[in-house]
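The following exercises concern a single protein chain and are each followed by a worked solution. Please study the sequence and the model before attempting them.

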Amino acid sequence: MDVLEPITLTAVAQFVWPLCRISAFLATMFAVSGNSFPTMTRALLALTITVCMLPSIPNLAPNTDPFTVYGIIVTIKECLIGLALGLCTLFISQAFIIAGQAVAMQTGLGFASLVDPVSGTNSPVVGQFFTVLCTLVFFSVDGHLIFLRLLLESFKALPMGEALPLYGIREFVIFSGSMFKAGLAMSMSAICTMLVVNFTLGVMTKAAPQLNIFSLGFAVTMIVGLCVLFLSLNAFMSNFTHNFNAVFNTACSLVGMSCDGIL
């Protein structure tokens with residue numbers, strides 16, 4: 001029994017630590033981490049993916065007891081790596097959600113709101129529309145398979161027991177701020193258009209004070225907002241490709257790899 005104990009503990013560690021990284025990745029992955037995705041299904045999916053990836057994962061786990069203090073530290077590191085990679089995938093849709101919220105506030109479409117299945121809070125329908133559209137495009141271009149492949153490669157770049165590199169964490173923090181810039185850039189056309197519309201309504205109010213500008217202006221801004229939203233869909237795929245490549249490059253930098261985009 002004394003001979004079998006270290007062998008058994010090593011075998012458990014070889015399975016448990018990859019499971020921790022993969023489970024943490026799925027817990028924050030885009031389109032999978034929402035409240036609409038059952039937790040039990042996500043757990044079974046993590047177990048299935050671990051079993052499928054296990055033969056391709058290099059046997060680089062430290063020969064230590066996973067139930068010791070060092071084993072617990074390794075478990076925490078694996079969970080942090082998976083959580084960081086999963087958070088990267090969330091940035092694919094966050095720029096579009098920010099753009100949708102900006103468009104909704106400017107056009108008066110913010111009155112219509114739904115419960116966001118990811119965060120569980122109320123958000124404008126325009127943002128939800130972009131979220132659904134991003135989800136459909138994400139699965140249509142096999143984005144989930146691309147990031148699962150990156151997750152598998154992360155076991156080679158960051159063997160079990162190693163921590164995230166500092167330069168990768170710095171790139172991750174910088175990129176998280178740039179997504180707000182991308183969202184505002186995508187909504188700039190709607191902001192400029194509504195600025196012109198509001199300026200025109202202001203001139204009309206000054207020229208003809210007897211007009212009921214409140215009832216007239218609300219309908220005009222909504223119609224113009226819908227037209228701007230429809231026209232902005234022409235650039236959706238190019239914006240999605242740019243965001244996807246930027247997120248993929250950031251995720252590669254996070255685990256110490258070098259990538260040049262994939263779409």
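**Exercise 1. A buried salt bridge**

Arg-21 is buried, its relative accessible area being 0% (buried means under 20% relative accessible area, exposed over 50%, partly exposed in between, with a 1.4 Å probe and protein chains only). The model is predicted: local features need pLDDT of at least 70, side-chain atom pairs count only at pLDDT 80 or more, and totals for chains, interfaces and linings use all residues. Residues are numbered from 1 along each chain as its sequence is written, and side-chain values use heavy atoms, with hydrogens and water left out.

Task: Determine which side chain Arg-21 meets in a salt bridge.

Solution.
- Step 1. Apply the criterion: a salt bridge is a side-chain nitrogen of Lys or Arg within 4 Å of a carboxyl oxygen of Asp or Glu.
- Step 2. The side chain of Arg-21 meets that of Glu-78, at 2.7 Å from N to O.
- Step 3. Arg-21 belongs to helix H1 (residues 4-28) and Glu-78 to helix H3, so the pair ties together parts that are 57 residues apart in sequence. Helices (H or I, at least four residues) and strands (E, at least two) are DSSP runs, numbered from the N terminus.
- Step 4. Glu-78 also counts as buried, at 0% relative accessibility.

**Exercise 2. Salt bridges in the whole structure**

Task: State how many salt bridges a search of the whole structure finds, and locate the one formed by Arg-149.

Solution.
- Step 1. The search finds two salt bridges.
- Step 2. Arg-149 pairs with Glu-153, and their closest N and O atoms are 3.1 Å apart.
- Step 3. Both Arg-149 and Glu-153 lie in helix H5 (residues 143-157), at a separation of four residues, about one turn of the helix.

**Exercise 3. Two partners of helix H3**

Task: Describe how the axis of H3 is placed against H4 and against H5.

Solution.
- Step 1. Axes are lines fitted to C-alpha atoms, for helices over the stretch in contact, and angles run from 0 to 180 degrees between N-to-C directions.
- Step 2. Helix H3 (residues 69-107) and helix H4 (residues 125-140) have axes that come within 7 Å and cross at roughly 155°. H3 is therefore roughly antiparallel to H4 (angles under 35 degrees count as roughly parallel, over 145 as roughly antiparallel, 65 to 115 as roughly perpendicular and the rest as oblique).
- Step 3. The crossing of H3 with H4 is right-handed; a crossing is left-handed if the near helix is turned anticlockwise from the far one by less than a right angle, and right-handed if clockwise.
- Step 4. Residues of H3 including Phe-96, Gly-100 and Ala-104 meet residues of H4, among them Phe-130, Cys-134 and Phe-138 (contact means heavy atoms within 4.5 Å). By class, this contact has eight nonpolar, four polar and no charged residues. Ala, Val, Leu, Ile, Met, Phe, Trp, Tyr, Cys and Pro count as nonpolar, Asp, Glu, Lys and Arg as charged, and the others, Gly among them, as polar.
- Step 5. The axes of H3 and H5 come within 12 Å and cross at roughly 150°. H3 is thus roughly antiparallel to H5, and the crossing is right-handed.
- Step 6. In H3, Glu-78, Leu-85, Thr-89 and Ile-92 meet Phe-147, Leu-151, Ser-154 and Phe-155 in H5. The classes here are five nonpolar, two polar and one charged.

**Exercise 4. Glu-171 and the pairing of H6 with H9**

Task: Decide whether Glu-171 is buried, partly exposed or exposed, and place Glu-171 in its helix.

Solution.
- Step 1. Glu-171 is found in helix H6 and is partly exposed, with a relative accessible area of 35%.
- Step 2. Neighbours within four places in sequence aside, Glu-171 is in contact with Thr-250 and Ser-253.
- Step 3. The axes of H6 (residues 166-186) and H9 (residues 236-254) come within 8 Å and cross at roughly 165°. H6 is therefore roughly antiparallel to H9, in a left-handed crossing.

**Exercise 5. Positive phi angles**

Task: Give the phi of Ala-31 and of Asp-142.

Solution.
- Step 1. Most residues other than glycine have a negative phi.
- Step 2. Ala-31 has a positive phi of about 75° and lies in the loop between H1 and helix H2 (39-53).
- Step 3. Asp-142 has a positive phi of about 60° and lies in the loop between H4 and H5.
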